[in-house]
Every structure is written in C-alpha cells, then in structure tokens.
Amino acid sequence: MSWGLQNRLAQIINPETGKTVLLAVDHGYFMGPVSGLEDPAKTVADIIQYCDALSPTKGILHHSIDPNTSTPMILRASGGGSMARQVPIENDATGKTRVIGLEDEVITCTAEEAVALNAAGVTISIYVGTEMQRQSIDNLATMTREAHKYGLPVIGITAVGGELDALRVEGKEAEFAKYLANAARIAVEHGADIVKTYFVGKGHFDKVIGGCPAPIVIAGGKKEPAQQALEFTYMAMQTGAIGVDMGRNIFQSKEPVKMIQAVRDIVHRGDSVDAVMSRYNLKKDD
Ligand code: 5RP
C-alpha cells in the first residue's frame, strides 16, 4: 500500500480506535434537496466537528463547505441515475418500455478532480443484480484503477433500491443479508478499500461481515426513531463494522448534534445505547 493511500485511510479511519464516523450529505445527487439538507452549509455547521470525515458531492463541496475546514472530504464520484424513467426495450419491435432509475450511473468525479479537491477518498455505488450491474461494477473497477495511482482510497457502496429494498422492507432478512454479502464481496473483488453497506437484522449481518475482507461501514437508510438507529448502529459495531457513513438518521433527527455525538460514542467507545441516550438526553423518537 502506498504512503498516500495509507495516509488518506488514516484520515478516514481514526488510527487510535480503528473506527470511523462519516457524515453523508451527498443525497442531493439523486434525491434533490431532501428534508434537512436544503441548505447543506447550515446542515453541517453544528455537526461537522463530530465526524471523522464528511461525504458530500463535488458541487456541495464548492458551494457549501468552507475550504478552511480541517475535516477530510470523501467525494461522491458516481451518479447520473436520479429519477426512474421509461426507456424503450432494445431490439423489441412491440414498443414496450422498461423502467431505469438510480442504478444507471456513470463516474461523475474523476480521480484527478478528487485529488485536485484534496479529497481523502471517493465513493462509488454498485448495483448488483440490476440491469446496470456490469456498468456500475465497471465504474468501481475503473475508479479504483485510477484512484490508486494517486493513493486515493475508494469506498464501494452496495446500493439498494426497488425490488432489493423490498426484501428489507418485507423483513426477508436472510435473503437481504445474502444479497448484501454478495454485493459487499463483489465490491472488494473490484478494488474497494472500504465497503459501505446496510445493517441487516441481528444474526444476519455476520454473513456480510464474514465474507468481506475489507472494512465495512454502514449507511443509516431512511430516518428511523433515534433509539432504533442507535440500536442498529450498536449491533453493526458489535458484529464487526468499523463505523458508519450515515446521513438522514443524523441530519433529519430532531436533535442532530446530540444524535451524532451518540453515534460517535457507540462507534469509537463502544458505549451502549442506554448510556448514550441518557448522556445526551435523547428521546426515543428524536
Ligand atoms: C446512497 C447513499 C446515500 O446518498 C447516503 O450516503 C446514505 O446515507 P443515509 O442512508 O444514512 O441517509 O449512499 O447509496
């Protein structure tokens, strides 16, 4: 591993604890101005100090983040899918269409741009099991090839949506875990230095961790009541994750400053959910 790669990884993962709290604020790249992130500068003002690195897009970096910050930046580098749309089915004379959405991504920020922006790393999503599987895995493989020339770490994201998300929503945890374990491993096989995935029920997440030789961080997903978000963070850490790359469960919380501190104490100190809720006076539903 080059010095540059090691040094940037040490900016992302705290060398003392081996853990990390990444604050995700990249949602606008496909969701537009989501609740809590309409004004990204305002969103991060009071919470950036509690994260180990921030995950914005290059646009948000330019417009909303103070260049004097000492917080490392991990730039979202894939995108372009955004809203679902109907496209004609190739070689189909009947004129039938199919729906293509978020999974239709390309590389939107090159390794050179990321280095010029002094990024500590980049993120690329892969959409395993979708029609865009090959294209998105190629995005990851291409980015790792380029990024590693500059000692720039790549976080591979096992993105989910549509039918895959239904597995989670319907509580089919074993199936969802199998999917995430495959996707996480595929991300590593194509060069990811860290894998960002989702927590999946107690007794299932160990399958994801067990098959992934790279460190794993979890996204939070949709906003849940504070206690629930802290519980899955705790369980993910206990199972072997090295941290979170979390967005909505922090910035959409009624108490974002308390919430990120609570998450931080679970991640870096291994504190219990009860301990952090009482330390920061968090309510179950915050
Ligand atoms: C999509 C993403 C999101 O943009 C985001 O970073 C996830 O954060 P959260 O789910 O915690 O709001 O990675 O794949």
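**Exercise 1. Asn281**

Task: Place Asn281 in the predicted model, then decide whether Asn281 is buried or exposed.

Solution.
- Start with the position. Asn281 sits in the segment after α13 (273-279).
- Turn to the backbone. Asn281 is not a glycine, yet its phi is positive, about 55°.
- Finish with accessibility. The relative accessible area of Asn281 is 55%. Exposed means over 50%. Asn281 is therefore exposed.

**Exercise 2. Asn118**

Task: Find where Asn118 lies, state its phi and classify its accessibility.

Solution.
- Asn118 belongs to the loop between α5 and β8.
- Its phi is near 60°, a positive value in a residue other than glycine.
- Asn118 has 62% relative accessibility, so it counts as exposed.

**Exercise 3. Two loop residues**

Task: Work out the setting of Lys254 and of Thr71, and list what each touches beyond its sequence neighbours.

Solution.
- Take Lys254. The loop between α11 (248-251) and α12 (256-269) holds this residue.
- Lys254 has a relative accessible area of 60%, so it is exposed.
- Neighbours within four places in sequence aside, Lys254 contacts Asp285 and Asp286.
- Check a distance. Lys254 and Val217 are 37 residues apart along the chain, and their C-alpha atoms are separated by 24 Å.
- Now take Thr71. Its loop runs between α4 (58-64) and β3.
- Relative accessibility is 14% for Thr71. The cut-off for buried is under 20%. Thr71 therefore counts as buried.
- Residues up to four places away in sequence not counted, Thr71 touches Ile48, Cys51, Asp52, Ala53 and Leu54.
- Check a distance again. Thr71 and Lys42 are 29 residues apart along the chain, with 16 Å between their C-alpha atoms.

**Exercise 4. Thr130**

Task: Identify the backbone atom that lies 2.9 Å from a polar side-chain atom of Thr130, and describe the setting of Thr130.

Solution.
- Thr130 occupies the loop between β8 and α6.
- Its relative accessibility is 23%, so Thr130 counts as partly exposed.
- The backbone atom is the oxygen of Tyr127.
- Thr130 and Asp104 are 26 residues apart in sequence; C-alpha to C-alpha, they are 9.4 Å apart in space.

**Exercise 5. The buried side of α1**

Task: Name the buried residues of helix α1 (residues 3-12), explain why they fall on the same side of α1, and say what they pack against.

Solution.
- The buried residues in α1 are Leu5, Arg8, Leu9 and Ile12.
- They fall on the same side of α1 because they cover an arc of only 105° around the axis.
- Their packing partners are two helices and several strands by label: β1 (20-24), β3 (74-76), α5 (111-116), β8 (121-126), α6 (133-149) and β10 (194-198).

**Exercise 6. Nonpolar cores**

Task: Describe the largest nonpolar core, then a second, separate one.

Solution.
- The largest core has 76 residues. Val195, Phe205 and Leu230 have the most contacts inside it.
- Helix α8 (residues 173-189) gives the most to this core: nine residues.
- The second, separate core has 12 residues, including Leu9, Ile12, Ala53 and Ile74.
- Look closer at Val195. Among its contacts, neighbours within four places in sequence left aside, are Ile155, Ala184, Val188, Cys212 and Val217.

**Exercise 7. Asp245**

Task: Determine which side chains make polar contacts with the side chain of Asp245.

Solution.
- Asp245 is part of strand β12 (residues 243-246).
- Asp245 has 1% relative accessibility, so it counts as buried.
- One partner is the side chain of Ser55, at 3.2 Å.
- Another is the side chain of Lys196, also at 3.2 Å.
- The wider surroundings of Asp245, residues up to four places away in sequence not counted, include Leu22, Ala24, Val217, Ile218 and Gly220.

**Exercise 8. The ligand**

Task: How many residues surround the ligand, and how much of its accessible area does the protein cover?

Solution.
- Count first. 14 residues surround the ligand. The closest are Asp26, His27, Lys196, Gly221 and Arg248.
- Add the polar distances. A polar backbone atom of Gly220 is 2.8 Å from an oxygen atom of the ligand.
- For Gly221, a backbone N or O atom lies 2.8 Å from a ligand oxygen atom.
- For Arg76, a polar side-chain atom lies 3.4 Å from a ligand oxygen atom.
- Close with coverage. On its own the ligand has 380 Å² of accessible area, and the protein covers 97% of it.

Key: Residues are numbered from 1 along each chain as its sequence is written. This is a predicted model: local features need pLDDT of at least 70, side-chain atom pairs count only at pLDDT 80 or more; totals for chains, interfaces and linings use all residues. Side-chain values use heavy atoms; hydrogens and water are left out. A nonpolar core is a set of buried Ala, Val, Leu, Ile, Met, Phe, Trp, Tyr and Cys residues joined through side-chain atoms within 4.5 Å. Buried means under 20% relative accessible area, exposed over 50%, partly exposed in between (1.4 Å probe, protein chains only). Helices (H or I, at least four residues) and strands (E, at least two) are DSSP runs, numbered from the N terminus. Contact means heavy atoms within 4.5 Å. The arc is that of the directions from the helix axis to the C-beta atoms. A residue is near a molecule or strand if one of its heavy atoms lies within 4 Å of it. A polar contact is a pair of N or O atoms within 3.5 Å; within protein, one must be able to donate a hydrogen and the other to accept it, and residues adjacent in sequence count only if both atoms are side-chain atoms. Accessible areas come from the Shrake-Rupley method with a 1.4 Å probe; for residues, only the protein chains shown count as cover.
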